[in-house]
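Here is a short tour for anyone who likes to see charges and contacts laid out side by side. Have the sequence and the model open as you read.

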Amino acid sequence: MLFRILSFILICLLSSTNLAAQQTKILNAEKHNEYGLVYTLPKTAFRIDITIVRETQVAGPFYKYAKIFGGTTDVISKNSKREWVEGVTVTPFGVPDSDNRYLMQLKTGATAFIAVADDNMLLAINKEDVENPSLSIPKVADIHNNPAPDINNYLKYVNEDFISAISDYKKAQLMAEELQEIREAKLSLTRGTAETMPTDGRQLEIMLNSLEDQETSLLNAFRGIRYVEKEIRSFTFIPDPENDVTSAYYPDVKVKVEITEIQTPELPVDTKGEEKKLPKDAVIYRIPGTVKLNISTDSQQLFSNIFEIAQTGINFGLSPSLFSDKKEPSFATFNPTNGALQELGVVK
């Protein structure tokens, strides 16, 4: 049975839905908006994809007679299920921070523009060819599991004597006789001594596959079946240290997500080692802090890595005059995940 890929939410929408919708838009400073451009800084979210492996064991209805009639002691004697985490993938991305919305106010006649995602997160100033942030987020992988084998498949190949038999011992004996006939039929086909031989190789393959399926189904009634399925469960975690949201427990996968080693950056300094002053009407960006993201079960550490995130950072800014200079206007690009200034240069 194919598993469904489950998703659930902590604080925000599913990342896969949120990310797929993002587009890049260009906003121009014009008379109708009074040369003011509104933008939003991001806060950092984490999409966490957990690959779960589930093993199911089903006892055969005639496991007690496996040694006598099935020729094996390697049997499953009781039904069981267990699951474990095979792997974890963490992808940071940005979501709009409603508490960090700003106005870039330019002088009348300025020709500067900004590039934003459709959720208004700032991506760039005076630069159009910026990557849509959603393109950097991989989609959740599709996992295709084979159909689970049916422990009762042997019933398709039993005869009337089996159906009329009262005791399980007798039924097991009849199945053992059927197994022997199937094996003899396979042997005669492969040796070319069967009374009715196939006319070509394709027919031979079909006949042998059919006999193989019959033999497996009857053997499973003695030894039981074991099969493994996989699924990916995805969820979004948005840490918020300011409001004590530093961890979350997900009982569905028995996994704890936690941030530790929270580091807040310092304001930039000038050549004298003094903190720089925020420019007037500054274009605000984020200097991100760092955290260690840990993912674990009760008994196992699954993931641990350090990330730069917006929530533990501080705001700083650039003078808007940099971008409206008529001779050498500047451009800037910003990290859509944590709001950091990525590049600052002169438009060529």
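Glu184 is found in helix 4 of this predicted model. With a relative accessible area of 47%, Glu184 is partly exposed, because that class covers the range between the limit for buried, under 20%, and the limit for exposed, over 50%.

Which residues share a patch of negative charge with Glu184? The surface patch gathers Glu160, Asp161, Glu177 and Glu181 together with Glu184. Two helices, helix 3 (160–164) and helix 4 (168–191), each supply at least two residues of this negative patch. Helix 4 gives the largest share, which is three residues.

Now for the charges that find a partner. Side chains of opposite charge can pair when their charged atoms come close. The structure holds 15 salt bridges, and the table sets out three of them, with the distance between the closest N and O atoms.

| Salt bridge | Closest N and O atoms |
|---|---|
| Glu83 and Arg233 | 3.7 Å |
| Lys230 and Glu86 | 3.0 Å |
| Arg183 and Glu215 | 2.9 Å |

Let us start with the salt bridge between Glu83 and Arg233. This pair links distant parts of the chain, with Glu83 in strand 4 (residues 80–105) and Arg233 in strand 7 (residues 225–237), 150 residues apart. Are the two partners buried or exposed, or something in between? Glu83 has 35% relative accessibility and so counts as partly exposed. Arg233, at 3% relative accessibility, counts as buried.

Strand 7 and strand 4 come up again in the salt bridge of Lys230 with Glu86. Here Lys230 belongs to strand 7 and Glu86 to strand 4, and the pair links distant parts of the chain, 144 residues apart. Lys230 is partly exposed, with a relative accessible area of 30%. Glu86 counts as partly exposed too, at 46% relative accessibility.

The last row of the table returns to helix 4, with the salt bridge between Arg183 and Glu215. Arg183 lies in helix 4 and Glu215 in helix 5, so this pair ties together parts that are 32 residues apart in sequence. Arg183 counts as partly exposed, at 34% relative accessibility. Why is Glu215 called buried? Its relative accessible area is 10%, and buried means under 20%. Helix 5, where Glu215 has its place, spans residues 201–223. For a sense of distance, take Glu215 and Ala29: they are 186 residues apart along the chain, and their C-alpha atoms are separated by 76 Å.

Some salt bridges also share partners. In this way Arg54, Glu83, Glu231, Arg233 and Asp252 are joined into one network. Glu83 and Arg233, the pair met above, are both members of that network.

From charges, we can turn to nonpolar side chains. The largest nonpolar core has 24 residues. Which residues have the most contacts inside this core? They are Tyr39, Met104, Ile114, Ile125 and Phe323. Several strands each supply at least two residues of the core: strand 3 (36–58), strand 5 (113–117), strand 6 (122–125), strand 10 (283–296), strand 11 (301–318) and strand 12 (330–334). Strand 10 provides the largest share of this core, four residues.

Key:
Residues are numbered from 1 along each chain as its sequence is written. This is a predicted model: local features need pLDDT of at least 70, side-chain atom pairs count only at pLDDT 80 or more; totals for chains, interfaces and linings use all residues. Side-chain values use heavy atoms; hydrogens and water are left out. Patches are made of residues with over 30% relative accessible area and no salt bridge: like charges are joined within 9 Å, nonpolar side chains (Val, Leu, Ile, Met, Phe, Trp, Tyr) within 5 Å. Accessible areas come from the Shrake-Rupley method with a 1.4 Å probe; for residues, only the protein chains shown count as cover. A salt bridge is a side-chain nitrogen of Lys or Arg within 4 Å of a carboxyl oxygen of Asp or Glu. Lys and Arg count as positive and Asp and Glu as negative; His and the chain ends are not counted. The place of a charge is taken as NZ of Lys, CZ of Arg, CG of Asp or CD of Glu. Buried means under 20% relative accessible area, exposed over 50%, partly exposed in between (1.4 Å probe, protein chains only). A nonpolar core is a set of buried Ala, Val, Leu, Ile, Met, Phe, Trp, Tyr and Cys residues joined through side-chain atoms within 4.5 Å.
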